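Got the viewer up and a selection tool to hand? Let's walk through this one stop by stop, picking residues as we go.

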Amino acid sequence: MGTYNNLKYVWKRYGFLLKQLVSRDFKVKYKRSVLGVFWSLLYPLLTMAVMAIVFTNVFKFTTPGVNYLSYLMTGLVMFNYFSEASNLAMSSVVANFSLINKVYMPKYIFPLSKCVFVGINFLLSLIPLYIILFATGTGINVYHLLLPYAFVCLFLFTLGFSLILSSVAVFLRDMFYIYGVVLSLWTYVTPIMYDISIIENPTLSFIFKLNPLYWIVYFVRRIVLYGVVPEINAWLYCGLFAVVFLALGILVFKKTQDKFIYYV
Amino acid sequence: MEQSYMVEVDSVSMRFNLGIDKGFSLKQWFVDVGKGKKKTKNEFWALTDVSFKVKKGEVIGFIGSNGAGKSTMLKIVAGVMKPTKGEVKSYGNICPMIELGAGFDTQLTARENIYLNGAIMGYSKPFIDSKFQEIVDFSELHDFLDVPVQNFSSGMVARLAFSVATVVDPEILIVDEILSVGDMAFQAKSEQKMLSMINGGTTVLFVSHSIEQIKKMCDTVVWLDHGHIKMIGGKEVCDEYVSTMVGN
């Protein structure tokens, strides 16, 4: 109850600031671009098209039983949320140092606002995803109503991970380079453009499944591509990863935030 | 009778580690190991055991040479920094006017920045809505509301920032050398505004290098010297400070 009242107070006090920071990001992002917010719809489609051309023609990837474009697009939309949000959030504390140094405000508001900002973009990118689902004949089913569970898990996991990244980046600027490499590795170990079944080595396959994003993408694909309710372990892993990383993120951020001011 | 004080600063000390700026670097580590050098501690105490209390409606000024710890003191009261030792208590909402316009995004228009900066200062949306006209009127930037701030002159930015910051009636006002912004006409106007805020019963913590301003506005003067309180008292502190400085 105390926590709830606390959250209510924080929302009342800083909700407007959060909205302003998110709307600032939107205004700046689409400033002087002719297509503006349409890019949020167009961009995922174009990325998908490029990857589809490369991976079906050059590497001859196929996904038996399901449409490859739908398969690729579901993976891309989910993974892109994570990579874009965590990447922006990582630099958010450092970038806003001039503010942190002058006015008191909760510092977590910067990574949080980035996760929310990219989250809105993510919701927009569901439009091209559904266009692809219909265009390829994959269609929709009633279990799509369960998808918000995966979205919430993805958001919480990303937020937790971003809190860790953004505080570590304050002390170690090398993170900007390291994480760039980590992200590109992460793109390939998450089965976005290929099916996990092509990994034949059982040890490697086990390691691949330690990836939180594997389970979130898996959860979504069970529903979108196969039209079934995800198995109980998929529900569990998604929820567990989300809660654990969020708790870890809050802990790390809280422990380090008072020292930020000396390092930026 | 605790509440009769608005701000209580209790034996506050603040340590900075000057070496931290370099941080740990792999290259430096190799160089140090090669030379057999130990990591040197490069500490700097910006404030040492500073205590004072500010009553409701009191105007307290801080004087001292550069690097005496004045701005650090204000930042600690504003909650931007946590003191290494000691404790700061404040009772009431604080309006920190430390380097105005820090929250501006130069790509956004003046109108958008009023809302963004207002939110950063902790205002609510209805509050900014209701005060919007007042802010614009005071800044006299009616014709430039929808122009991105990056096209503003620095004087215009300062005027906008000042207008946003001073639209509230804060209980505790923290001011770090901002009275002289804009052209001469605006300087007079902003000083007038500041005086009216102070006379409105606000508690003010004020840093300035203008002894004249301090004398005119402050009830209590704190003279900081290398992080210590050298003298605390009424306007006579200013005279003492000036004579010491001239004597040197």
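How much area is buried between domain 1 of chain B and domain 2 of chain B? About 1,100 Å², and carbon and sulfur atoms give 70% of that. Keep in mind throughout that you are looking at a predicted model.

**Stop 1: the two domains of chain B**

Color chain B by its domain assignment: domain 1 takes residues 2-93 + 171-247, and domain 2 takes 99-169. Their centres, taken over C-alpha atoms, sit 26 Å apart. Where the two touch, domain 1 of chain B puts in 11 residues and domain 2 of chain B puts in 14.

Now show side chains along that seam. There are 2 salt bridges between the two domains. To see a salt bridge up close, select B:Arg159 and B:Asp183, whose side chains meet at 3.6 Å, N to O. The same kind of search for polar contacts across this domain interface turns up 2 residue pairs, both partners at pLDDT 80 or more. If you color by residue class, the side of domain 1 of chain B that touches domain 2 comes out as 5 nonpolar, 2 polar and 4 charged residues.

**Stop 2: two salt bridges inside chain B**

Stay in chain B and pick B:Glu134 and B:Lys131. They form a salt bridge, with the closest N and O atoms 3.6 Å apart. Both are in helix α4 (residues 125-139) of chain B, and because they are 3 residues apart there, about one helical turn separates them. B:Glu134 counts as partly exposed, at 37% relative accessibility.

Next, select B:Lys216 and B:Glu191. This salt bridge has its closest N and O atoms 3.1 Å apart. Here the pair links distant parts of the chain: B:Lys216 belongs to helix α7 (residues 211-217) and B:Glu191 to helix α6 (residues 184-199), 25 residues apart. B:Lys216 is exposed, with a relative accessible area of 57%.

**Stop 3: where chain A meets chain B**

Zoom out and show both chains. How many residues does each chain bring to the contact? Chain A brings 22 and chain B brings 29. The area buried between them is about 2,400 Å², with 63% of it from carbon and sulfur atoms. On the chain A side, select A:Phe16, A:Lys102 and A:Tyr262: these lose the most area to chain B, together 29% of what that side buries.

Switch to the charged and polar pairs. Between chain A and chain B you'll find 2 salt bridges, and 5 residue pairs in polar contact, both partners at pLDDT 80 or more. Three helices of chain A, namely α1 (2-29), α4 (97-100) and α11 (260-263), each supply at least two residues to the side that touches chain B. Which of the helices gives the most to that side? It's α1(A), with 8 residues. Sorted by class, this side of chain A has 12 nonpolar, 3 polar and 7 charged residues.

For a close look, put A:Asp258 and B:Lys82 on screen; their side chains meet in a salt bridge at 3.0 Å, N to O. Then add A:Arg24, A:Asp25, A:Lys114 and B:Asp105, which are linked in a network of salt bridges.

**Stop 4: inside chain A**

Select A:Ser125, in helix α5 (residues 109-135) of chain A. Is this residue buried or exposed? A:Ser125 is buried, with a relative accessible area of 7%. Setting aside neighbours within four places in sequence, A:Ser125 is in contact with A:Ser40, A:Pro44 and A:Val77.

Then jump to A:Pro230, in the loop between α9 (212-224) and α10 (232-256) of chain A. A:Pro230 counts as buried, at 5% relative accessibility. Again leaving out neighbours within four places in sequence, the contacts of A:Pro230 are A:Leu146, A:Phe219, A:Arg222, A:Ile223 and A:Trp235. Draw a distance from A:Pro230 to A:Tyr30, 200 residues apart along the chain, and their C-alpha atoms come out 37 Å from each other.

One of those contacts of A:Pro230 is A:Arg222, so keep A:Arg222 selected and add A:Glu231: the two form a salt bridge, closest N and O atoms 3.3 Å apart. A:Glu231 is partly exposed, with a relative accessible area of 30%.

**Last stop: the whole structure**

Finish by showing every salt bridge at once: over all chains, the search finds 15.

Technical notes:
Residues numbered from 1 in each chain as written. Chains lettered and ligands numbered in written order. Heavy atoms only, no water. Domains from an automatic or database assignment. Contact = heavy atoms within 4.5 Å. Buried area = accessible area lost by both parts, 1.4 Å probe. Salt bridge = Lys/Arg side-chain N within 4 Å of Asp/Glu carboxyl O. Polar contact = N/O pair within 3.5 Å; in protein donor to acceptor, adjacent residues only side chain to side chain. Nonpolar A, V, L, I, M, F, W, Y, C, P; charged D, E, K, R; others polar. Helix = DSSP H or I, 4+ residues; strand = E, 2+ residues; numbered from the N terminus. Buried < 20%, exposed > 50% of the residue type's maximum accessible area, 1.4 Å probe, protein only.
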